[in-house]
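Grab a pencil and work through these short exercises. Try each task before you read its solution.

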Amino acid sequence: MKGLIEETTTRWIEGTSSSSKSKTVEMGINGFLRVNFDLIIGQAGTVVTGIRFKFNSTEKSINLEVQTTPIEWPEQDANAISLKSSESTWIGSRTTSRETLEFKNPDDPVKQKGPSMPDSVLNSFVEFTSSSYETDLGQTVIPLFDAQPVFYYEGRRWLRGIGIMHKGKPGFGGFITPSIVPATPYKSIHFHPVPTNDTVFL
């Protein structure tokens, strides 16, 4: 099926700094204190070819940015697919007004029973804080980062978009986790985003 990824061609590529100004930013008063939740989707006919996190020193926040690259898919040879790397561009959210994701007496999410569910909205953010003194003696920094892999359930595909979101259960600090939007091929070179309810997360 057109648009599927040939399994034998997939491999990890070691990341490199996208800018000479790249640096490590630690969590804390002198680093970042919050993460913004966004879903970044490229224009039609592009796929994701890179991600990076940008530090906003004024907000002390981490923001997701996505590199997108146009696809060149000659109609005379559907197998001669290539990426126009010279036309790659970085995109991110320009939202300046955001809602706060708040917790009420949050316990350590590792203690949570049952699945986590998405509970953040786009254009919102979460500030790191300590767990409840009543349930966890305030000894855990929440939310945690989710280390589970994220994948599309119908095989490997190009990605049209990537997001950062929060999932959890009431009474717990929850997890910061990525989400992906696969690119769905339609009529050879025309690509359309899958419906919102097809956004994939774990």
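**Exercise 1.** Which backbone nitrogen does the side chain of Ser120 reach?

*Solution.* Before you start, note that this is a predicted model, where local features need pLDDT of at least 70, side-chain atom pairs count only at pLDDT 80 or more, and totals for chains, interfaces and linings use all residues. Residues are numbered from 1 along each chain as its sequence is written, and side-chain values use heavy atoms, with hydrogens and water left out.

Step 1: find Ser120 in the loop between strand 8 (117-118) and strand 9 (124-127). Strands are DSSP runs of E with at least two residues, helices are runs of H or I with at least four, and both are numbered from the N terminus.

Step 2: follow the side chain of Ser120 to the backbone nitrogen of His166, at 3.0 Å.

Step 3: list what else Ser120 touches. Not counting residues up to four places away in sequence, Ser120 is in contact (heavy atoms within 4.5 Å) with Phe37, Leu101, Met165 and His166.

**Exercise 2.** Is Arg160 buried or exposed?

*Solution.* Step 1: locate Arg160 in strand 13.

Step 2: check the cut-offs: buried means under 20% relative accessible area, exposed over 50%, and partly exposed in between, using a 1.4 Å probe and protein chains only.

Step 3: Arg160 has a relative accessible area of 6%, so Arg160 is buried.

Step 4: see where its side chain goes. The side chain of Arg160 reaches the backbone oxygen of Gly42 at 2.7 Å.

**Exercise 3.** Which strand gives the most to the largest nonpolar core?

*Solution.* Step 1: get the term straight. A nonpolar core is a set of buried Ala, Val, Leu, Ile, Met, Phe, Trp, Tyr and Cys residues joined through side-chain atoms within 4.5 Å.

Step 2: look at the members. The largest nonpolar core has 14 residues, and those with the most contacts inside it include Val35, Phe37, Leu64 and Ile164.

Step 3: match strands to the core. Strand 1 (34-37), strand 4 (61-72) and strand 13 (159-168) each supply at least two residues, and strand 4 gives the most, with three.

Step 4: zoom in on Leu64. Leaving aside neighbours within four places in sequence, the contacts of Leu64 include Ile40, Phe53, Gly92 and Ile162.

**Exercise 4.** How many helices and strands are there in the protein?

*Solution.* Step 1: count them up, and you get one helix and 15 strands.

Step 2: add the overall picture. Buried residues make up 37% of the 202 residues.

Note on methods: Polar contact = N/O pair within 3.5 Å; in protein donor to acceptor, adjacent residues only side chain to side chain.
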